[in-house]
Amino acid sequence: MAGSTPALPIRPGVVAVHTDLQSDLGRLILANSITLTPGTLSVDILGDIILIHWIDCPPGTDMEQATQAIVGSFERHISGFLK
C-alpha cells in the first residue's frame, strides 16, 4: 500500500550497559549472547561498558534498568564459570 506507515511501535536507540565481568572472554561471550537476543545488537565494548542497539528503547530509559533488562541473566550465568 503506497504511502502507508508501519504499525510497529518500535523506538530504536543505543544504550550503554555496565558489566561486572572482568575478563575479555567473559565480556565477549556476554556481548555475543546479547546479539543473539532478538531486538538487540552489541555495537562496541568499552572497558566495562557495552554499547547496544536496542530496537525498543523507551525515551528516558534508565541505564540501570536497561542493564538489568538486557544483561542481568546472561551475566549471572557467565559469571558462574568466568569473571
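**How we know: a tour of the fold**

Visitor: What share of the contacts in the chain between residues at least 6 apart in sequence join residues at least 24 apart?

Guide: That share is 63%. Keep in mind that we're looking at a predicted model.

Visitor: Which elements does the chain have, and in what pattern?

Guide: There are 3 helices and 3 strands, and along the sequence they read β-α-β-β-α-α. The C-alpha atoms fill a box of roughly 50 × 25 × 20 Å along the principal axes.

Visitor: What makes the strands a sheet, and in what order do they sit?

Guide: Strands count as paired if there are at least two bridges between them. S2 and S3 (residues 49-54) have 6 bridges, and S1 is joined to S3 by 6 bridges as well, so both pairs pass the cut-off of at least two. The order is S1-S3-S2, with antiparallel pairing in an open sheet.

Visitor: Why are S1 and S2 called edge strands?

Guide: S1 (13-18) and S2 (40-46) each pair on one side only. From one strand to the next, the twist averages 25 degrees.

Visitor: Which residues can I click on to see the pairing?

Guide: Try Asp 44, whose bridge partner in S3 is Leu 51. For S1, go to Gly 13, which stands opposite Trp 54 in S3.

Visitor: How do you know which helices pack on the sheet?

Guide: Look at what they touch, where a contact means heavy atoms within 4.5 Å. H1 (residues 24-35) touches S2 and S3, and its direction makes about 160 degrees with that of S2. H2 (residues 63-70) touches S1 and S3, at about 85 degrees to the direction of S1.

Visitor: What do the side chains do along S1?

Guide: They alternate: Gly 13, Val 15 and Val 17 point to one face and are buried, whereas Val 14, Ala 16 and His 18 point to the other and are not. That fits the general picture, in which side chains of a regular strand alternate between the two faces of the sheet.

Visitor: What makes a group of residues a nonpolar core here, and how many residues does the largest one have?

Guide: The members must be buried and joined through side-chain atoms within 4.5 Å. The largest such core has 15 residues, and among those with the most contacts inside it are Val 15, Val 17, Leu 30 and Ile 52. S1, H1, S3 and H2 each supply at least two of its residues. Leu 30 makes a good stop: not counting residues up to four places away in sequence, its contacts include Ile 50, Val 71, Phe 74 and Ile 78.

Visitor: Why is the Arg 11 and Asp 56 pair called a salt bridge?

Guide: The cut-off is 4 Å from a side-chain nitrogen of Lys or Arg to a carboxyl oxygen of Asp or Glu. Arg 11 and Asp 56 meet at 3.0 Å, N to O, so the pair qualifies under that 4 Å limit. Arg 11 lies in the segment before S1 and Asp 56 in the loop between S3 and H2, 45 residues apart. The structure holds 1 salt bridge.

Visitor: Are those two residues buried, exposed or partly exposed, and what makes them so?

Guide: Buried means under 20% relative accessible area and exposed means over 50%, with partly exposed in between. Arg 11 has 37% relative accessibility, so it counts as partly exposed. Asp 56, at 31%, therefore counts as partly exposed too.

Visitor: What percentage of the chain is buried?

Guide: Buried residues make up 30% of the 83 residues. The accessible surface comes to about 5400 Å², and 62% of that belongs to carbon and sulfur atoms.

Methods
Residues are numbered from 1 along each chain as its sequence is written. This is a predicted model: local features need pLDDT of at least 70, side-chain atom pairs count only at pLDDT 80 or more; totals for chains, interfaces and linings use all residues. Side-chain values use heavy atoms; hydrogens and water are left out. Helices (H or I, at least four residues) and strands (E, at least two) are DSSP runs, numbered from the N terminus. Axes are lines fitted to C-alpha atoms, for helices over the stretch in contact, and angles run from 0 to 180 degrees between N-to-C directions. Buried means under 20% relative accessible area, exposed over 50%, partly exposed in between (1.4 Å probe, protein chains only). Accessible areas come from the Shrake-Rupley method with a 1.4 Å probe; for residues, only the protein chains shown count as cover.
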